[in-house]
Amino acid sequence: MWRRPFPWLIVGAALLYALFPYFTDDVGLRESLLLAAIYIILASNLNLMIGYAGYVNFGNIVFFGLGGYICLYLVTGWHWNVILAALAGGVAVSAVALLFGLGILRLRGAFFALATIGVNQAVQQLVVNFEPWGGATGIYLSLDSYGPLGGPMQALWVMYLLIVVLTAASLLASYAIKNSKFGLGLIAIGQNEDAAAILGVPTARYKALVYSASAFLPAVAGGLYFFKSGIIEPTSAFSLQTSIEAIVMLMLGGSGTIIGPAFGAFLYEELRGFLLTTEYLSHFQLVIAGALLLVIVQFAPGGLLGWLHRQWPRSRRWLE
Amino acid sequence: MSTLLEVREISKHFGGLQAVDHLSLTVDEGEIIGLIGPNGAGKSTVFNLINGVYPPESGRIIFAGTDITGKPPHLVARQGIARAHQIVQPLGGLTVLDNCTVGACFGREDLALDEAREVAREMAGMIGLGDRLDLLASSLTTAAKKRLELARALSARPRLLLLDEVLAGLNPTETEQMIDIVRKIRASGIAILMIEHIMRAIMSLSDRIVVLNLGAKLAEGTPQQVAENPDVIAAYLGDSTLLQAAETVR
Amino acid sequence: MFGILASVIDGILVGAVYGLAAMGLTLIWGVMNVINLAHGAIIVLGMFLLYLVVYSLGLHPYVAVPTTIVFGFLFGIVLYWVGVHRVIGRPELMSLLSTFALNMVLIGLGTAIWSTSPYNVPVDMPSVSWRGYTFTGTHITAAIMAVVIAGLLYLLLYHTRVGKAVRAVANNREAAELTGIPTRQMLSMAFGLGVALAGVSGTLIATLFPFTVLSGETYQLNSFVVTVLGGLGNPAGALMGGVALGLIEGLATPFMPVSWIPIVEFGLFVFCLIAFPRGIFAFSKA
């Protein structure tokens, strides 16, 4: 894969992305870029489920939130190094997702989709009632936790850089999978699961694997993000709204493509920023997102990239 | 010639309907076996039972010495049985080449992606789709989609090919071409079990014919024997194509 | 012992309404192979329609029942053309996202108008007492209405030309088209019927319990559990499934805290889906 230009483009873009706010020393820019990076991670990993395998994971945020909780718990309760803690969160969440996936991926389309919401709500409820993780108030980080990273100011920069690394990793993983045998099998499942099975694709195993794979990076990102935020609590950690917005971003940019999620995340953030200056009711955010999703699904199911590909067929080759 | 597929007394019913009734048949290596019968006789159900779409309620299915009764479709594909469906199932969003690559990757040989792509290219070429490799499967004509179905099945390098009405909906020229392709496939060493309604074709292609009626075996034999069998003619009463085909065979 | 019996009977009464809601969901699925993820939002709209009828129009609560049926039907047709028509026949993923998007819009608008506060519409109906146990009048009335509406649906589907046309389209759309049936109109009407059923079940539920804009989610899950129990695409099974679920709830309520019940339902739901993919009452479609 490293013999093709595209992965290098991703690495190059990530370097620019990481270093730009650093060299302009613009903290405000860093914060918005960080948020966008998080959304790209969510949307890009969601792409593995929705864009490749054709399974809608409405409750995808559960990976992010659970990863965040495990990381912060290990840091505050067991004094782990944050990077190791975040990675541990990633491993733990994707392991649980693998086991769980074997079960709920037997459900067809809509039932699976609803089950993922159910999983998110159930996990949220469990966490609310789980005292070692702070119950309904959550876990707070004291400023000491940032000590090992050179203090809070420096820590924020380190977190930013690490999250950009994860974003690049998400896009690269997306690309690697798409060009692999595993990815071909997934896409076959997404096109026609029964036909894929008859062709020999081990559908149950592949679905569970992709569900688990789509959990890893969001979980690690969750650990880093909530560490940076200094606090994690159940409502925002398992916010269904964010979960759904990730789906809208994916569809907006182009489901099934590599950089579609990146475009989608940016566009949506721009749109949201614009809306927030004119509408201050957050309920309308859901309405706008819903209307946007409705329009995309009906008129431009391939999203922005799909539209570009149709207008300029040659772009299919280099704009994946 | 050794026995490749042995179906022993398989049965399946849906609700109150006995779709397949204690059916037995064999396919030897290199043979073309035709499976015919009036509509609703249970032919497609037999295919579904063989390739694992649902398990038989009784009976055994033995393929190349291995008991594959009730095994899920992807494991049956791994054993070396591929299928071309009556109602084509192209993976619409993928190209012709990618469709066949899926077949090659997950078929009997479990190939790596690059090797699979080569096999796919070869098979697509053999079936006459070599000039359309980069087209999306959804944009093909019906005849081309039928060829894709076949090319994809062949890409899996099966030992047994299940053909479900591959000639349906083709014009005379396309039908002739497809008949040639079927012969070429057999010549390459693949055994074929085919369901067909075009009597002339199946009579001339098959080494042996099994006639199904109401889920049970009505008759079995060479095309000539079957065409002259009064029970078979009675089952097809009113269907002049069988009688005409019987004429051509004689 | 009789306490449990009373709880079970009450559960069955409420279950009839659950069945009605599920019938809406299963009808749409059976006719056009679309799983309506806006189902919960429509139930909520039905609930608020009761509120509007009683407090904005000052009418008797049960006037809302036929009102919801009529409005629900018309609204359903609109929803069909806005959000469902173009995704029929496309991969299931698309109709899931499309109906889910409708859900987002409806709930978002609902939250903007009514916020997430609880609402309640007290309805006065004479109760029935038997051996010291009281069965609330509203529960009995709701159950009777649910059964009557279900009966009307049956008459519509099996004894009118429109109903037969809808069933023909459900059975085989191409063949129906060939016989001259305007299939798109039929699909929109079927969707309208499904929405009407969901809406009126919301209205009936609102006569029994307090509600919020977010209540739809629980009842939507509820409807899914019922359709799984009864088999997708099977309205009669939906009614029976609803009663069965009500029965289970009635059995469970004396023994566990209320907040656990959705978790039990969810577990039952997942279990049934994995163990009985065709539904427990499935009159199997081969």
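**Sheets, domains and cores of chain B**

In β10(B), B:Ala219 is the bridge partner of B:Val211. This pair belongs to a predicted model, in which strand β9 (residues 208-213) of chain B and strand β10 (residues 216-221) of chain B are joined by five bridges in the antiparallel sense. The two strands form a hairpin with two residues between them. In the turn, B:Leu214 has a positive phi of about 50 degrees.

The hairpin strands are part of an open sheet of six strands in chain B, with the order β6-β7-β8-β3-β9-β10 and mixed pairing. At the edges of this sheet stand β6 (81-84) and β10 of chain B; each has a single partner strand, so one side of each lacks a neighbour in the sheet. On average, and with direction ignored, neighbouring strands of the sheet are turned by 20 degrees against each other.

Within this sheet, strand β8 (residues 191-195) of chain B pairs with two strands in the parallel sense. Strand β3 (residues 32-36) of chain B is linked to β8(B) over four bridges, in the parallel sense, and B:Gly34 has B:Met194 as its bridge partner. Strand β7 (residues 160-164) of chain B runs parallel to β8(B) and is joined to it by five bridges. Along this pairing, B:Leu161 stands opposite B:Ile192, while the bridge partner of B:Asp164 is B:Ile195. From β7(B) the chain crosses through helix α6 (residues 172-187) of chain B to β8(B) in a right-handed β-α-β crossover. Helix α6(B) lies across β3, β7 and β8 of chain B and runs at about 150 degrees to β8(B). A further helix, α5(B), lies across β6 and β7 of chain B, at about 175 degrees to β6(B).

Strand β8(B) is mostly covered, with five of its five residues buried. Both of its faces are covered: B:Ala191, B:Leu193 and B:Ile195 are buried on one side, and B:Ile192 and B:Met194 on the other. Several of these residues meet B:Leu161 of the neighbouring strand. Apart from residues up to four places away in sequence, B:Leu161 touches B:Ala82, B:Leu150, B:Ala153, B:Leu154, B:Ile185, B:Ile190, B:Ala191, B:Ile192 and B:Leu193.

In soluble globular proteins, nonpolar side chains tend to be buried together. The largest nonpolar core of the model has 265 residues, and B:Leu161 and C:Met32 are those with the most contacts inside it. Helix α2 (residues 27-53) of chain A supplies the largest share of this core, 16 residues. From chain B, the core draws at least three residues from each of domain 1 (1-77 + 159-250) and domain 2 (81-158). A second, separate core contains 30 residues, among them B:Leu5, B:Leu23, B:Val76 and B:Val210.

Two of these residues lead to another sheet of chain B. This open sheet has four strands in the order β2-β1-β4-β5, with antiparallel pairing. Its edges are β2 (17-28) and β5 (66-67) of chain B; each has a single partner strand, so one side of each is left without a neighbour in the sheet. Strand β1 (residues 3-14) of chain B pairs with strand β4 (residues 58-63) of chain B in the antiparallel sense over five bridges, and B:Leu5 stands opposite B:Phe63 in β4(B). Helix α1 (residues 43-50) of chain B lies across β1, β2 and β4 of chain B, at about 115 degrees to β1(B).

B:Leu23 is located in strand β2 of chain B and counts as buried because its relative accessibility is 0%. Leaving aside neighbours within four places in sequence, its contacts are B:Val7, B:Arg8, B:Glu9, B:Ile10, B:Val46, B:Leu212, B:Gly215 and B:Lys217. B:Leu23 and B:Lys12 are 11 residues apart in sequence, with a C-alpha to C-alpha distance of 9.7 Å.

The C-alpha centres of domain 1 and domain 2 of chain B are 23 Å apart. Their contact takes 27 residues from domain 1 and 19 residues from domain 2 of chain B. Helix α3 (residues 96-106) of chain B has 11 of its 11 residues buried, so this helix is largely enclosed by the rest of the structure. The buried residues include B:Asp98, B:Asn99 and B:Thr101 as well as B:Val96, B:Leu97 and B:Phe106. The cover over α3(B) includes α7 (181-191) and α9 (203-229) of chain A, together with α2 (73-79), α4 (113-126) and α5 (142-155) of chain B.

Notes. Residues are numbered from 1 along each chain as its sequence is written. Chains are lettered from A and ligands numbered from 1 in the order in which they are written. This is a predicted model: local features need pLDDT of at least 70, side-chain atom pairs count only at pLDDT 80 or more; totals for chains, interfaces and linings use all residues. Side-chain values use heavy atoms; hydrogens and water are left out. Two strands pair if DSSP finds at least two bridges between them. Contact means heavy atoms within 4.5 Å. Axes are lines fitted to C-alpha atoms, for helices over the stretch in contact, and angles run from 0 to 180 degrees between N-to-C directions. A nonpolar core is a set of buried Ala, Val, Leu, Ile, Met, Phe, Trp, Tyr and Cys residues joined through side-chain atoms within 4.5 Å. Buried means under 20% relative accessible area, exposed over 50%, partly exposed in between (1.4 Å probe, protein chains only). Domain bounds come from an automatic or database domain assignment. A crossover is right-handed if, with the strands pointing away from the viewer, the path from the first strand over the helix to the second runs clockwise.
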